[in-house]
Amino acid sequence: MSELLAIGISYKTAPVEVRERLALPEARATEFVRDLRGAADVYEALAISTCNRTELYLVVGDPVEAESMVLAMLARQAAIRPTELAAAIYSHRNCDAARHLYRVVSGLESMIVGEAEIQGQVKRAYDAALAGDTVGPLTNRLFKAALATGKRVRSETAIGERQLSLPAVAVALAREQLGELTGREVVIVGTGETSELTARALADSGVATVFVANRRRDRAIALAQRYGGETVSFDQLPEALRRADIVVAATASPHLLLEAPELVEVMAQRGDRPMLLIDLAVPRDIDAACAGIDGISLYDIDDLQAVVARNRKVRQAEARRAEGIIEEEIQHFAAWLGSLEVLPTLAALRGHAVEIAEQVVRENTGKWESASPRDLERVDAVARAVVNRLLHEPTLQMKVMRDDRVHARMALVRELFGLAVAEAELQSSPTQQQPEPVAELAEVRELVARAGARGTRRT
C-alpha cells in the first residue's frame with residue numbers, strides 16, 4: 001500500500017553552502033519531481049525549496065527504495081557523494097511527514113519562529129505542482145490541510161506578531177515613536193550587512209533613504225540604487241542630519257561618529273522636529289550623551305536586543321499554543337489516512353480467516369463417513385461462526401481507531417497475519433462517523449483506480 005514520505009534538508013542539518021547546491025528553483029523543481037516519478041515507484045511528488053530548506057513530499061510504494069533513490073538524485077545534483085549527504089538528510093513517513101509539513105507551514109520550523117513568508121512559499125510550491133500535474137489525492141489532501149492549519153495558527157495565536165530581528169525591531173520602534181513612516185527621511189550611516197537589512201526593512205514603509213559612507217562609496221551607491229535612495233559623503237552628514245527624522249548607525253568604526261555637541265547644533269537648526277537615533281554598532285557609533293538632548297530619542301543595540309529577547313519569549317509561548325493546534329489538526333489527517341487502510345485490511349483479515357476455516361473443513365470431510373449433508377452444513381456454519389466471533393472485537397476496535405498510529409497498526413496487522421491487500425481495495429471514505437466531502441471521495445477513487453492498475457502488493 002502507498003505511503004507518504006517526506007525527505008529534505010534544512011538550516012538545522014546543513015550549512016548554506018550545501019543548501020544552495022540542493023536548491024530547486026521552480027522550473028528545476030518541476031523537472032526534478034517528474035524525473036522522480038519516472039525513475040521509481042513514486043505516484044505523487046511535490047518539492048518545496050527556500051533559502052533555508054529543500055524538501056520533497058512523495059507518495060510511494062516502497063519508502064526505503066524511494067528514500068535511497070532520492071538521496072542519489074539529490075547527491076548527483078549537488079555533486080556530493082551520497083554518503084556525505086546522508087548525514088544532512090532527514091525523512092519522515094505518513095503522519096510524521098504530515099506533522100512536519102504542518103510545523104513548516106506554521107513557522108515552527110523556521111529560523112525565525114513564526115515568520116510568515118514560509119506559508120506563501122509552500123502555497124506557491126503546491127500551485128506549481130498542481131500546474132505540473134505531479135500531485136494526487138493524498139498530497140492534495142495533505143497540502144490543503146497543512147495550509148489551513150497554518151492559517152489557523154496565525155489567526156488563533158500571536159506567533160507572528162513580535163519582531164525577532166534587529167532591523168525589524170528598529171522599524172517597529174520607528175513606527176511607535178513617529179507614527180506613519182511614509183515620506184519620512186532616514187539616514188543610514190554605514191554600508192554593511194546590518195545597514196542593508198535595515199534599509200530593506202524600511203523600504204516597504206515608504207521612507208526616503210540617504211546612505212552615508214565614510215569609506216565604501218561604491219557600496220553606498222549600489223545600496224541607494226537597490227532601495228531607491230541617494231548617497232552623500234561623510235562630510236555632508238551634518239546637512240543630512242538636519243533633514244533626517246530617523247538616523248540608523250551601523251558601522252565598524254572604532255570611534256564615535258556622532259557626538260553630543262554636534263547633535264546639539266543640529267537640533268538647534270531643526271526647530272521642534274524630533275529625531276530618532278538607532279545605534280546598531282558595536283562599538284557604538286553614537287555618543288550616549290546624545291540621549292540627554294531635547295528632541296532626541298536614542299536606542300542602542302542592547303535596547304533592541306532586550307526587545308528581541310522579550311519578543312522571543314512571547315513567541316515561544318505562542319509556539320506552544322501553535323503546537324497544540326497542530327496536534328489537533330494532525331489527528332483529523334491521521335483519521336483520514338488511517339481510514340483508507342482500515343476497511344481493506346479488515347476485509348483481507350476476514351477473507352484470510354474464512355479461507356483457513358474452509359480449508360480445515362475440507363481437509364476433514366473424508367473423516368466423517370456417516371455425516372449427512374445437513375451435518376456437513378452445520379459443521380460449515382459452526383466454522384464460520386467461530387470466525388465471526390473471533391473477529392468481532394478486533395473489527396469493532398479497528399473501525400473506531402482515530403489517532404496518528406492507525407497507519408502503523410494496520411501495517412502491523414497485515415504483517416502479523418501475512419495479508420496481501422490490493423491497493424485497488426482502498427476505500428474512498430472513512431467510517432460512518434466522519435464522512436468525507438464529495439470532492440475528497442472523487443480524489444480517493446482516482447487513487448484507487450490508479451492503484452488497481454498496479455496489482456496486488458504484499459505489505
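Helices here are DSSP runs of H or I with at least four residues, strands are runs of E with at least two, and both are numbered from the N terminus. By that rule P137 sits in helix 7. The model is a predicted one, in which local features need pLDDT of at least 70 and side-chain atom pairs count only at pLDDT 80 or more, while totals for chains, interfaces and linings use all residues. Residues are numbered from 1 along each chain as its sequence is written, and side-chain values use heavy atoms, with hydrogens and water left out.

Taken as a whole, the chain holds 16 helices and 12 strands. Of its 459 residues, 49% are buried, where buried means under 20% relative accessible area, exposed means over 50%, and partly exposed covers what lies in between (1.4 Å probe, protein chains only). Contacts, meaning heavy atoms within 4.5 Å, often reach far along the sequence: among those between residues at least 6 apart, 73% join residues at least 24 apart.

Back to helix 7, which spans residues 137–156. P137 counts as buried because its relative accessibility is 2%. Its C-alpha atom is 9.7 Å from that of V59, although 78 residues separate P137 and V59 along the chain. T139 belongs to helix 7 too, and it counts as buried because its relative accessibility is 0%. Setting aside residues up to four places away in sequence, T139 touches E44, Y57 and V59. So V59 turns up twice, as a contact of T139 and as the partner in the P137 distance.

Next comes helix 9, residues 193–203, where S195, E196, T198, A199 and L202 are buried. These residues are on the same side of helix 9, because they cover an arc of only 165° around the axis; the arc is that of the directions from the helix axis to the C-beta atoms. There is a general background to such patterns: an α-helix has 3.6 residues a turn, so residues three or four places apart point the same way.

Helix 9 also has a helical partner. It packs with helix 10 (residues 217–227) at an angle of about 20°, the two axes being 11 Å apart. Axes here are lines fitted to C-alpha atoms, for helices over the stretch in contact, and angles run from 0 to 180 degrees between N-to-C directions. That angle makes helix 9 roughly parallel to helix 10, given that angles under 35 degrees count as roughly parallel, over 145 as roughly antiparallel, 65 to 115 as roughly perpendicular and the rest as oblique. The crossing of the two is right-handed: the near helix is turned clockwise from the far one by less than a right angle, whereas anticlockwise would make a crossing left-handed. On the helix 9 side, E196, A199, R200 and A203 take part, and they meet R219, L223, R226 and Y227 of helix 10. Sorted by type, the residues of this contact are four nonpolar, no polar and four charged. In that sorting, Ala, Val, Leu, Ile, Met, Phe, Trp, Tyr, Cys and Pro count as nonpolar, Asp, Glu, Lys and Arg as charged, and the others, Gly among them, as polar.

Helix 12, residues 260–268, has A260, L263, V266 and M267 buried. Seen down the axis, these fall within an arc of 120°, so they line one face of helix 12. P261, E265 and A268 are exposed on the other side. The buried residues of helix 12 pack against helix 11 (237–243), strand 9 and strand 10. In helix 11 lies P238, which counts as partly exposed because its relative accessibility is 28%. Apart from neighbours within four places in sequence, P238 is in contact with E262 and V266. The C-alpha atoms of P238 and E265 are separated by 9.3 Å, with their positions 27 residues apart along the chain.

A few backbone oddities round things off. Most residues other than glycine have a negative phi, and most peptide bonds are trans. A79, not a glycine, has a positive phi of about 55°. It lies in the loop between helix 3 (63–78) and helix 4 (82–85) and is exposed, with a relative accessible area of 62%. D133, likewise not a glycine, has a positive phi of about 60°. Its place is the loop between helix 6 (117–131) and helix 7, and D133 is exposed at 58% relative accessible area. Finally, the peptide bond from V282 to P283 is cis, with omega near 0°, and P283 is in the loop between strand 9 (275–279) and strand 10 (296–300).
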